[in-house]
Amino acid sequence: QVQLVESGGGLVQAGGSLMLSCAASGTIFSINAMGWYRQAPGKQRELVAAIRHGGSTNYTDSVKGRFTISRDNVKNTVYLQMNSLKPEDTGVYYCNADLYSGSYYYPENYWGQGTQVTVSS
């Protein structure tokens with residue numbers, strides 16, 4: 001069984017910074033990609049940023065230049081450094097991982113429990 005445990009959310013004023021962390025634990029053979037999604041009240045969950053095993057990244061347009069995703073492949077941990085936060089960044093941030101656990105051939109997808117980020121104006 002695999003678990004994703006997030007930390008680092010909280011309340012911050014506009015213009016401030018937060019760093020989110022997500023550690024994957026359990027039986028993990030390898031991780032293809034890890035990412036962060038967010039869901040604002042009344043809106044659909046959206047991809048914020050993702051990083052692949054080789055290090056390539058992609059970001060949603062609204063966070064480019066402000067957020068940085070990184071990962072530690074040894075610790076199976078992904079980070080999201082969020083700078084210049086805006087009220088519209090408010091939401092529940094979920095960690096996601098696409099990885100090989102029970103099989104070397106069929107990847108599985110896992111979600112964390114979510115962490116609240118609130119940016120006040």
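Which residue forms a salt bridge with Asp-89, and how far apart are the closest N and O atoms? In this predicted model, the partner is Arg-38, and the closest N and O atoms of the pair are 2.9 Å apart. Arg-38 sits in strand E4, which covers residues 30-39, while Asp-89 belongs to the loop between E8 and E9. With their positions 51 residues apart in sequence, the two link distant parts of the chain. Both ends of this salt bridge, Arg-38 and Asp-89, are buried.

Before following these charges further, a look at the whole chain is helpful. The secondary structure comprises 0 helices and 11 strands, and the order of elements from the N terminus is β-β-β-β-β-β-β-β-β-β-β. The radius of gyration is 14 Å, close to the 14 Å that the globule rule gives for 121 residues, so the chain is as compact as a globular protein of that length. Along the principal axes, the C-alpha trace spans about 45 × 25 × 25 Å. Of the 121 residues, 39% count as buried. Among contacts with a separation of 6 or more, 55% come from residues 24 or more positions apart. The accessible surface amounts to about 6400 Å², and carbon and sulfur atoms hold 49% of that area.

Back to the charged side chains. Side chains of opposite charge can pair when their charged atoms come close. The count of salt bridges in the model comes to 4. Asp-89 also takes part in a salt bridge with Arg-66, where the closest N and O atoms are 2.8 Å apart. Arg-66 is placed in the loop between strand E6 (57-59) and strand E7 (67-72), and Asp-89 in the loop between E8 and E9, so this pair ties together parts that are 23 residues apart in sequence. Arg-66 is buried, as is Asp-89. Glu-46 joins the picture as well: Arg-38, Glu-46, Arg-66 and Asp-89 are linked in a network of salt bridges. Another of the salt bridges pairs Lys-64 with Asp-61, with the closest N and O atoms 2.9 Å apart. Asp-61 has a relative accessible area of 61% and is therefore exposed.

Attention can now turn to some uncharged positions, beginning with Thr-77. This residue lies in strand E8, which runs over residues 77-82. Its relative accessibility is 8%, so Thr-77 counts as buried. The side chain of Thr-77 reaches the backbone oxygen of Lys-75 at a distance of 3.0 Å. Setting aside residues up to four places away in sequence, Thr-77 touches Cys-22, Ala-23, Met-34, Ser-70, Arg-71 and Asp-72.

Ser-101 offers another polar contact to look at, this time from the loop between E9 and E10. A polar atom of the Ser-101 side chain lies 2.6 Å from the backbone oxygen of Thr-27. Ser-101 is counted as buried because its relative accessible area is 6%, under the 20% limit used for that class. Beyond its neighbours within four places in sequence, Ser-101 is in contact with Val-2, Thr-27, Phe-29, Glu-108 and Tyr-110.

Phe-29, one of the contacts of Ser-101, is also part of a nonpolar patch on the surface. The patch consists of Phe-29, Tyr-104, Tyr-105 and Tyr-106, which together have about 590 Å² of accessible area. Tyr-105 is located in the loop between strand E9 (91-100) and strand E10 (108-111). At 70% relative accessibility, Tyr-105 counts as exposed, because the limit for that class is over 50%.

Gly-114 completes this set of positions. It is found in the loop between E10 and strand E11, the latter spanning residues 115-120. With a relative accessible area of 17%, Gly-114 is buried. Leaving out neighbours within four places in sequence, the contacts of Gly-114 are Glu-6, Val-92, Tyr-93 and Tyr-94. Gly-114 and Leu-20 are 94 residues apart in sequence, and their C-alpha atoms are 11 Å apart in space.

Key
Residues numbered from 1 in each chain as written. Predicted model: local features only at pLDDT ≥ 70, side-chain atom pairs only at ≥ 80, totals over all residues. Heavy atoms only, no water. Patch = residues over 30% accessible without salt bridge, like charges linked within 9 Å, V, L, I, M, F, W, Y side chains within 5 Å. Areas by Shrake-Rupley, 256 points an atom, 1.4 Å probe, with all protein chains shown as cover. Salt bridge = Lys/Arg side-chain N within 4 Å of Asp/Glu carboxyl O. Helix = DSSP H or I, 4+ residues; strand = E, 2+ residues; numbered from the N terminus. Buried < 20%, exposed > 50% of the residue type's maximum accessible area, 1.4 Å probe, protein only. Polar contact = N/O pair within 3.5 Å; in protein donor to acceptor, adjacent residues only side chain to side chain. Contact = heavy atoms within 4.5 Å. Rg over C-alpha atoms; globule rule 2.2 N^0.38 Å.
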